[in-house]
Amino acid sequence: MIREAALYLLGTWGTVYALLLTTYFVTGWLFYSNDPARADKIQVGRALPPEKVRRDIIQSVRSLASIALMFAIGHTLYTKFDIGLVAWPTSVWSVVASFLLSMLAYDTWFYWMHRLLHTKPFYRRIHRWHHLSLPSVAWSNNSDTFVDNLFLQSYWLAAHLIVPVAPIVLLVHKLYDHVSGIIGHSGVEHGGGITYPPSPFNSVTHHDQHHRYFNCNYSPHFTIWDRLMGTLHKTHDEEVKANLRRRSTADASVQR
């Protein structure tokens, strides 16, 4: 039983890691831009030095291995040892509802862990590495230390046990989070109308402000916790609107 579970864990880890790596490089390639003169760049005139771009890619490859391992441990405990809440019976509505439930649960987990990592006892030792990339680029999303991932990404282990979500739904959620996180670090507002204030959905501007202003905008998917707790940056809504207009203008210029 132990040997079977160990092989299952290893196979799951390899599969999830391959999916995360592929998603990282494909999405990163599609949304990477480090041109300081780009018209729709949020931080116009600023570029991430090449050595930090390389640093972020190397660290992200390492970081994704630990995230995949946490997901695989939770999946193995749920699948092979029947530990955790049983997923809702499969139907179209249960899949949609459980996906949304996981998004809300992750948003709560990430928000409070993220705020914790920004306190003095934790920031310099654990989270500062990620904030050394300013401005961030698409490759910066997973440039985190191992201990940082234990705080923020351990949700993917715990969710198998404490959220009634089927593992495949949880995997789809993780891939969605992965893609949205990479785009969220791209430095260009790709959010579109779905993020137009007061939308509950995060924009690229939301996380870009977090890197610039530090003690604000902690959530990964939604603006709900930031609005409720007063941690949304005071210029957030107006800047999102302005960046969406600049993006629209830039797209129109290209089409001409």
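**Warm-up: T223**

T223 is buried, at a relative accessible area of 1% (buried means under 20%, exposed over 50%, partly exposed in between, with a 1.4 Å probe and protein chains only). Before going on, note that this is a predicted model, where local features need pLDDT of at least 70, side-chain atom pairs count only at pLDDT 80 or more, and totals for chains, interfaces and linings use all residues. Residues are numbered from 1 along each chain as its sequence is written, and side-chain values use heavy atoms, with hydrogens and water left out.

*Task.* Find where T223 is placed, and list what T223 is in contact with.

*Solution.* Start with the place: T223 is in the loop between α8 (204–213) and α9. Helices here are DSSP runs (H or I, at least four residues), numbered from the N terminus. Next, look for contacts, meaning heavy atoms within 4.5 Å. Leaving aside neighbours within four places in sequence, T223 meets S199, P200, F201, N202, H206, L232 and H236.

**Exercise 1: the core**

*Task.* Work out which helices supply the largest nonpolar core, and follow L64 and W156 through their contacts.

*Solution.* A nonpolar core is a set of buried Ala, Val, Leu, Ile, Met, Phe, Trp, Tyr and Cys residues joined through side-chain atoms within 4.5 Å. Step one: the largest one has 33 residues, and L64, Y155, W156 and L170 touch the most other members. Step two: α1 (2–31), α2 (50–81), α3 (92–117), α5 (146–152), α6 (155–162) and α7 (167–184) each give at least two residues, with the largest share, six residues, coming from α2.

Step three: L64 sits in helix α2 and is buried, at 0% relative accessibility. Not counting residues up to four places away in sequence, L64 touches Y17, L20, L21, Y24, N142 and H178. With that same limit on sequence neighbours, W156 touches I67, M70, F71, Y106, L170, H173, K174 and D177. Step four: W156 is one of the buried residues of α6, along with Y155, A158, A159 and H160, and their cover includes α2, α3, α5 and α7. As background, nonpolar side chains tend to be buried together in soluble globular proteins.

**Exercise 2: a patch on the surface**

*Task.* Find which residues make the nonpolar surface patch of about 470 Å².

*Solution.* Patch residues have over 30% relative accessible area and no salt bridge (a side-chain nitrogen of Lys or Arg within 4 Å of a carboxyl oxygen of Asp or Glu); like charges are joined within 9 Å, and nonpolar side chains (Val, Leu, Ile, Met, Phe, Trp, Tyr) within 5 Å. Areas come from the Shrake-Rupley method with a 1.4 Å probe, and for residues only the protein chains shown count as cover. The members are L104, W112, I224, L228 and M229. Three of them, the largest share, come from α9. M229 belongs to helix α9 and is partly exposed, with a relative accessible area of 36%.

**Exercise 3: backbone oddities**

*Task.* Say where the cis peptide bond from L134 to P135 and the positive phi of D82 are found.

*Solution.* Most residues other than glycine have a negative phi, and most peptide bonds are trans. The bond from L134 to P135 is cis, with omega near 0°, and P135 is in the loop between α4 (120–131) and α5. The bond from P197 to P198 is cis too, with omega near 5°; P198 is in the loop between α7 and α8. Now D82: its phi is near 55°, and D82 lies in the loop between α2 and α3, exposed at 67% relative accessibility.
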